[in-house]
Each structure stands twice: as C-alpha cells, then as structure tokens.
Amino acid sequence: MEADGALDPVALERELRAAVAADERRERENDAKLRAVRQRVPSYEEFRNIVLASHLKPLEKKDKMGKRRNVLWNPCAAHAKAPQASDVEIPQELDQLPRTSAEFYRDWRRCLKSRKEKYQLLLELGGKALGGIFQADLGFGLLGEFLTVLAENVCHEDRDAILQILQSLSGTKRFGLNMDLLSEPEKESSRDLFRKLRSMSRDYWTTGHPSSPAGCEAEREARVMDSSLQKEAEEERIVVELMKCYQVN
C-alpha cells in the first residue's frame, strides 16, 4: 500500500505471483508424494528424491531428435555452469533477500551453490524473517537441509542467531510432520548441531566468560556472578526445550 492509502499494483502482482508459485509447488509435491506411495518405493530416501525432483520435466521425443533446441528441461539448473565465487558471501544473483516461501525456494535451489552460502542466507534472514516466510508451510525437505547446513557451519559468534532460527522453525505449521520425514543423516545432523550448541555454552561459561576485574567490591562481583548464572540457566533451558522439539535425546 502506498503512502496515500492507495494499493500498489506492482506489489499486489508480486504477491499474487508468489502465492500462485507456492500453490503450484505444493500441488506438485503432493502429487509426487501420492505417486511415490502408489509405486510403493522401498525406502524413504527414494521417496524423498521423487518429491525433490517433482519440478523436473521429462524429455519428449522432439527434444531428443531433430535440430538442436535450447530448451531448459530443468529450471532449477539455471546458472549451474557459472563459475563459483571464491568467497562465501551471498551471490550477486540475490539482489534482495527473499520475502516469500516461493522466492526463498527459488533462490535456495538456483542461486546458492555451497552450504556456506546457504548458511549465510539463513543468518542474513534471521529467525524472525524465516518464521514469517514459512509460517504457512515449510517446504518438503527444507528442514533437513537447514539442520545439515547449520550443523556444518555453526560457530560461537552465531550461536544466539541459530537458536532464534531453530525457535522460529519449530513454530511453523506441520513442523512435527517435517521432523518425522527427516532422513537418518539429517537426524544425525540435528543431534550434531545440538551437541555443538551445548558444548559452546559450557565452554563460554567455564573458560571464555570474562571475569570481574581484580579489586572489585564483593557485592558487585556477587551481582555479576548471579546475573551470569541466571543467563547461563536461561540459555540452557532454551536449548533443552529445543532439543525436545527436534527430538534430540
């Protein structure tokens, strides 16, 4: 909506296109799930691969024979041959951060080549934005990819941001179903992520937390210590609650 209260047709068209794309993706993935069930695939990995590949279009006879055709049969393979950047910043293809689930899914699949780049995108968006983007639905397979990316790249400086991301994702619809559909490697990534988060907390409060300057008054030192213990207990409580949500023993 513009400043004078009038509707912005460009923004409305963008939101409509994003909503249509999200509906098409959801319908396509549901069809793929039903097809996989009818085929009685022998393993979850095969079931998951069928759903993740639901966007692929089969080649027709006219695509295989005759003169050369510049038809992109896999739209998510765009820019696949482009040279990868040497740094780990978000690629320039992302002129702006995604604001809808359709935009996120497109950028996550097309533009981000490495898990480090995907990790940077998650941090750039943060827990609040991710919770808003996926409030209605977290796309199939994304939760497992998020956990894998976070587990591989987590560092102490990002610990609070990662906890916020995990909290926001746990509040999305069908979160329990997405947890049930995690593969064994993804479940192990989740366990590894929480092991690292708890280890970082213990290391910080036992060795890395700055102590009070020498000569401080006993009362002030006691207040600082009490505040530190309270913060440590609160952070531990958050981690333990998240471990329950993410089914980590």
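Here is a chat about the helices, cores and confidence of a predicted model.

User: Hi! How sure is the predictor about this chain, going by mean pLDDT?

Analyst: This is a predicted model, and the mean pLDDT of the chain is 76. Of its residues, 70% reach 70 or more.

User: Which elements have the lowest and the highest mean pLDDT?

Analyst: Helix α3, residues 61–64, has the lowest at 51. The highest is 96, for helix α6, residues 142–153.

User: And where does pLDDT stay under 50?

Analyst: One stretch is residues 67–73, where the model has 6 contacts beyond four places in sequence. Another is residues 75–87, with 9 such contacts. Where pLDDT is low, the predicted coordinates should not be read in detail.

User: Good to know. New topic: at what angle do α1 and α2 cross?

Analyst: Their axes cross at roughly 145° and come within 8 Å. Helix α1 covers residues 9–39, and helix α2 covers residues 44–52. The crossing is right-handed.

User: Which residues meet there?

Analyst: From α2, you have Phe-47, Ile-50 and Val-51. They are met by Glu-29, Ala-32, Lys-33, Arg-35, Ala-36, Val-37 and Gln-39 in α1. By class, this contact has 6 nonpolar, 1 polar and 3 charged residues.

User: Now the largest nonpolar core. Which of its residues touch the most other members?

Analyst: Those are Phe-104, Leu-166 and Tyr-246, in a core of 38 residues. Helices α4, α5, α6, α7, α8, α9 and α10 each supply at least two residues of this core. The helix that gives the most is α6, with 7 residues.

User: What does Leu-166 touch, leaving out residues up to four places away in sequence?

Analyst: Leu-166 touches Leu-147, Leu-150, Leu-193, Phe-194, Leu-197, Leu-242 and Tyr-246. Apart from the largest core lies another one, of 8 residues, including Ala-36, Val-51, Leu-52 and Phe-140. Remember Ala-36 and Val-51? They also take part in the contact of α1 with α2.

User: Nice link! Last thing: which residue between α7 and α8 has a positive phi?

Analyst: That's Arg-174, which has a phi of about 60° although it is not a glycine. Arg-174 sits in the loop between α7 (159–170) and α8 (175–180). It is partly exposed, with a relative accessible area of 42%.

User: And what about Gln-247: where is it, and what is its phi?

Analyst: Gln-247 lies in the segment after α10 (218–245). Its phi is positive too, at about 55°, and Gln-247 is not a glycine either. Its relative accessible area is 48%, so Gln-247 counts as partly exposed.

Key
Residues numbered from 1 in each chain as written. Predicted model: local features only at pLDDT ≥ 70, side-chain atom pairs only at ≥ 80, totals over all residues. Heavy atoms only, no water. Axes fitted to C-alpha atoms, helices over the stretch in contact; angles between N-to-C directions. Helix = DSSP H or I, 4+ residues; strand = E, 2+ residues; numbered from the N terminus. Left-handed = near helix turned anticlockwise from the far one by under 90°. Contact = heavy atoms within 4.5 Å. Nonpolar A, V, L, I, M, F, W, Y, C, P; charged D, E, K, R; others polar. pLDDT = per-residue confidence, 0-100. Buried < 20%, exposed > 50% of the residue type's maximum accessible area, 1.4 Å probe, protein only. Core = buried A, V, L, I, M, F, W, Y, C linked by side-chain atoms within 4.5 Å.
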